[in-house]
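Open the model in your viewer and keep the sequence panel beside it. This tour goes from one selection to the next and says what is found at each stop.

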Amino acid sequence: MRGVYTAYADITGLVAAKTLMYITAPATAAVEILSVHVTNENNNTAEQWIVSLHRISTLGTPTATTITAQKHENGDQVSACTCRSNVTASEPTYDSNAPVDKQGVSNLAGFHYDPIPEERPVIAPSGSWGVRMLSTPSSTDVGVYVVYREIG
């Protein structure tokens, strides 16, 4: 499918509730979120995680690592989205309405959000959405994946 990208980040030694990754759509296009995954990469002790996907109401200027999303097809242009991971300071302000998805999951299984086409959220042009760890995990390394499609 044209215009599909994966933003991926490794976060080592995660021990805090925080934004794992956020995506800001370009001013010229909307972005459809196809799937989100947060995987446990090294902690074999079972614990409960609470992970959510939320709309950001005020982004501000978080301190985070810039991610270069990878295109799925060679003929596609570079993604116009801004993707950042592992927010360490100045957390964004999230919409007070209910999250698009919020799950309590076993860290051994991870968080997986694979909506059917009719339920896929769309980030408005210049809008931002974030993947959040709402619980405080034991020290662990996580992989965060967001697959999205730039539309219109």
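In which strand does leucine 20 lie? Select leucine 20: it lies in strand S2. The model is a predicted one, and residue numbers start from 1 along the chain as its sequence is written.

**Stop 1: leucine 20**

With leucine 20 still selected, is the residue buried or exposed? Its relative accessibility is 0%, so leucine 20 counts as buried. The cut-off for buried is a relative accessible area under 20%. Now add aspartate 10 to the selection and look at the two C-alpha atoms. Leucine 20 and aspartate 10 are ten residues apart along the chain, and their C-alpha atoms are separated by 9.6 Å.

**Stop 2: strands S1, S3 and S13**

Stay on aspartate 10 and find what faces it. Aspartate 10 stands opposite glycine 143, a residue of S13. Select S1 and S13 as whole strands next. They run antiparallel and are joined by nine bridges.

Now replace S1 with S3. How many bridges pair S3 with S13? There are ten, and the pairing is again in the antiparallel sense. Glycine 143 appears here too, since threonine 39 stands opposite glycine 143 in S13.

**Stop 3: an aromatic pair**

Show the side chains of the aromatic residues. A search of the whole structure finds two aromatic pairs. One of them is formed by tyrosine 8 and tyrosine 145, with 4.4 Å from centre to centre. The angle between the planes is 45°, and the pair is tilted. Tyrosine 8 lies in strand S1 (residues 4–14) and tyrosine 145 in strand S13 (residues 140–151), so the pair ties together parts that are 137 residues apart in sequence. Colour both residues by accessibility: tyrosine 8 is partly exposed, with a relative accessible area of 30%. Tyrosine 145 also counts as partly exposed, at 30% relative accessibility.

**Stop 4: strand S12 and its partners**

Select S12, residues 128–133. How many of the six residues of S12 are buried? Five of them are, and S12 is mostly covered.

Add S2 to the view. S2 and S12 run antiparallel and are joined by six bridges. Among the contacts to look for, tyrosine 22 has glycine 130 in S12 as its bridge partner. Then add S4, which is joined to S12 by six bridges and also runs antiparallel to it. Here leucine 53 stands opposite valine 131 in S12.

**Stop 5: the cavity**

Keep S2 and S12 on screen and add S3. The structure holds one cavity of 30 Å³ or more. About 50 Å³ of space lies in the largest cavity. Which residues line the largest cavity? Select Met21, Tyr22, Ile23, Ile33, Val36, Leu53, Trp129, Gly130, Val131 and Val146 to see the lining. Strands S2 (18–24), S3 (30–40) and S12 (128–133) each supply at least two of these residues. By class, the lining has nine nonpolar residues, one polar residue and no charged residues. Two residues from the previous stop, tyrosine 22 and glycine 130, are bridge partners and are also among the lining residues.

**Stop 6: a charge over a ring**

Select arginine 132 together with tyrosine 94. The charged end of arginine 132 sits over the ring of tyrosine 94, 4.0 Å from the centre of that ring.

**Stop 7: positive phi angles**

Move to strand S7 (residues 82–89), where asparagine 86 is placed. Phi of asparagine 86 is near 55°, a positive value in a residue other than glycine. Next select serine 90, in the loop between S7 and strand S8 (93–94). Serine 90 has a positive phi of about 60° although it is not a glycine. At 46% relative accessibility, serine 90 counts as partly exposed.

**Stop 8: two loops**

Glutamate 47 is found in the loop between S3 and strand S4 (48–58). Is glutamate 47 buried or exposed? It counts as buried, at 19% relative accessibility. Add histidine 72: the two residues are 25 residues apart in sequence and 33 Å apart in space, C-alpha to C-alpha.

Last, select alanine 124, in the loop between strand S11 (122–123) and S12. Alanine 124 counts as partly exposed, at 45% relative accessibility. Alanine 124 and alanine 27 are 97 residues apart in sequence and 8.5 Å apart in space, C-alpha to C-alpha.

Key. This is a predicted model: local features need pLDDT of at least 70, side-chain atom pairs count only at pLDDT 80 or more; totals for chains, interfaces and linings use all residues. Side-chain values use heavy atoms; hydrogens and water are left out. On a 1 Å grid over the protein atoms alone, a cavity is a set of points where a 1.4 Å probe fits but cannot get out, and a pocket is an open set with protein on both sides within 12 Å along at least five of seven lines; lining residues have an atom within 4 Å of a point. Grid points are joined across faces, edges and corners, and a volume is the space filled by probe spheres set on the points. Helices (H or I, at least four residues) and strands (E, at least two) are DSSP runs, numbered from the N terminus. Ala, Val, Leu, Ile, Met, Phe, Trp, Tyr, Cys and Pro count as nonpolar, Asp, Glu, Lys and Arg as charged, and the others, Gly among them, as polar. Rings of Phe, Tyr and Trp (its six-membered ring) pair if their centres lie within 6.5 Å; planes under 30 degrees apart count as stacked, over 60 as edge-to-face and the rest as tilted. Buried means under 20% relative accessible area, exposed over 50%, partly exposed in between (1.4 Å probe, protein chains only). A charge sits over a ring if NZ of Lys or CZ of Arg is within 6 Å of the ring centre and within 35 degrees of the ring normal. Two strands pair if DSSP finds at least two bridges between them.
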